[in-house]
Amino acid sequence: MSESPSQVISPSKAAARIRAAAVDAFATSGYGGTTTREIAARLDMSPAAMYPHYRSKEELLFAISYEGHTGALDIVKNADLPDESPSTRLQALIGAFASWQATHHAQARVVQYELNALTPEHYRDVVKLRRDITHIVRSVVDAGAASGEFTVPDGEGVTLALMSLCVDICRWFPAGAYTEPEAVADLYAGLAMRLVGAA
């Protein structure tokens, strides 16, 4: 990769506007169904004006994906409470992760479901962040199992189930009574406790 992920994301206001327009377009029509011309049109700019910020549609997707996964990882890290019980930690982690998925559901839909459009190198960069998030959740599941607080036949399987539940929020949110991220956070924190067999 010729540039670091942070360089590709770019803190400039223009680049941020391009990413936001692309998120909206990709979430609506899919990555494959969206052209750079359509993204530029949402901003009343020419496709050529995007080039100084993002040289290709794939590079733009990578910036969105990396930014989204970094944001989710930061949320999970900050939600962890290492000095608390596994139950308290898991509820905090899953609640925060679920809330992020709901709050950023359009971006989450793109970063969760368009991964295969990334180049192999960019895919590896993003998947590493996904693994970091999963590792944090797995460590809490294992801690609860070791202490007897959780009843889990398979720590890996339960962790994958928890992660799958959370990342799927972007597919349906908002729906029914669940139109606020806080309600989703509370629901999923409770579901996590059931899934790990907490007392």
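This section describes the annotated N-terminal span, the nonpolar core, the helices around it and several local features of a predicted model.

Two annotations from UniProt, both from an unreviewed entry, cover parts of the chain. The record lists residues 12-72 as "domain: HTH tetR-type", and in the model this span is 72% helix and 0% strand, with its end C-alpha atoms 21 Å apart. Residues 35-54 are listed as "DNA-binding region"; here the helical share is 55% and the strand share 0%, and the end C-alpha atoms are separated by 13 Å. Asp44 is placed in the loop that links helix 3 (36-42) to helix 4 (47-50). Although Asp44 is not a glycine, its phi is positive, near 55°, and the residue is classed as exposed because its relative accessible area, 75%, is over the 50% limit. A further local feature involves Tyr31 and Lys57, the charged end of the lysine sitting over the tyrosine ring at 4.2 Å from the ring centre.

The largest nonpolar core comprises 61 residues, among which Leu90 and Leu162 touch the most other members. Helix 5 makes the greatest contribution to this core, supplying 10 residues. When residues up to four places away in sequence are set aside, Leu162 touches Leu90 itself, together with Ile94, Val137, Val141, Ala192, Leu195 and Val196. Two of these partners, Val137 and Val141, also appear among the buried residues of helix 8.

Helix 5 spans residues 57-79 and includes Ser65. The relative accessibility of Ser65 is 0%, and the residue therefore counts as buried. Beyond its neighbours within four places in sequence, Ser65 is in contact with Val111, Leu118 and Val126, and Val126 is one of the buried residues of helix 8.

Helix 8 extends over residues 120-147, and its length can be compared with the expected value: at 1.5 Å a residue, its 28 residues should span 40 Å, and the end C-alpha atoms are indeed 40 Å apart, so the two figures agree. The buried set in this helix consists of His122, Val126, Val127, Leu129, Ile133, Ile136, Val137, Val140, Val141 and Gly144. Helix 5, helix 6 (86-103) and helix 9 (155-167) are included in what covers these residues. Immediately after helix 8 comes Gly148, with a positive phi near 85°.

Two residues of helix 6 illustrate its surroundings. Gln91 lies in this helix and is partly exposed, because its relative accessible area of 34% falls between the limits of 20% and 50%. Apart from its neighbours within four places in sequence, Gln91 is in contact with Ala189 and Met193, whereas its C-alpha atom is 40 Å from that of Thr36, a residue 55 positions away along the chain. Ala96 is also placed in helix 6, and its contacts, with neighbours within four places in sequence left aside, are Ile75 and Ala79. Ala96 and Leu165 are 69 residues apart in sequence, and their C-alpha atoms are separated by 13 Å.

The region around helix 10 (169-172) contains an aromatic cluster and an unusual peptide geometry is described with it below. The model has 4 aromatic pairs in total. In one of them, the ring centres of Trp172 and Tyr178 lie 6.5 Å apart and the ring planes meet at 80°, an angle over the 60-degree limit, so the pair is edge-to-face. Trp172 has a relative accessibility of 22% and therefore counts as partly exposed, and Tyr178, at 31%, is likewise classed as partly exposed. Together with Phe173, these two residues form one aromatic cluster. Phe173 is also joined to Pro174 by a cis peptide bond, with omega at about -5°. Pro174 is located in the loop between helix 10 and helix 11 (181-195).

Technical notes. Residues are numbered from 1 along each chain as its sequence is written. This is a predicted model: local features need pLDDT of at least 70, side-chain atom pairs count only at pLDDT 80 or more; totals for chains, interfaces and linings use all residues. Side-chain values use heavy atoms; hydrogens and water are left out. Helices (H or I, at least four residues) and strands (E, at least two) are DSSP runs, numbered from the N terminus. Buried means under 20% relative accessible area, exposed over 50%, partly exposed in between (1.4 Å probe, protein chains only). Contact means heavy atoms within 4.5 Å. UniProt positions are given in the numbering used here, feature names are shortened, and annotations may be inferred rather than shown by experiment. A nonpolar core is a set of buried Ala, Val, Leu, Ile, Met, Phe, Trp, Tyr and Cys residues joined through side-chain atoms within 4.5 Å. The expected span of a helix is 1.5 Å times one less than its number of residues. Rings of Phe, Tyr and Trp (its six-membered ring) pair if their centres lie within 6.5 Å; planes under 30 degrees apart count as stacked, over 60 as edge-to-face and the rest as tilted. A charge sits over a ring if NZ of Lys or CZ of Arg is within 6 Å of the ring centre and within 35 degrees of the ring normal.
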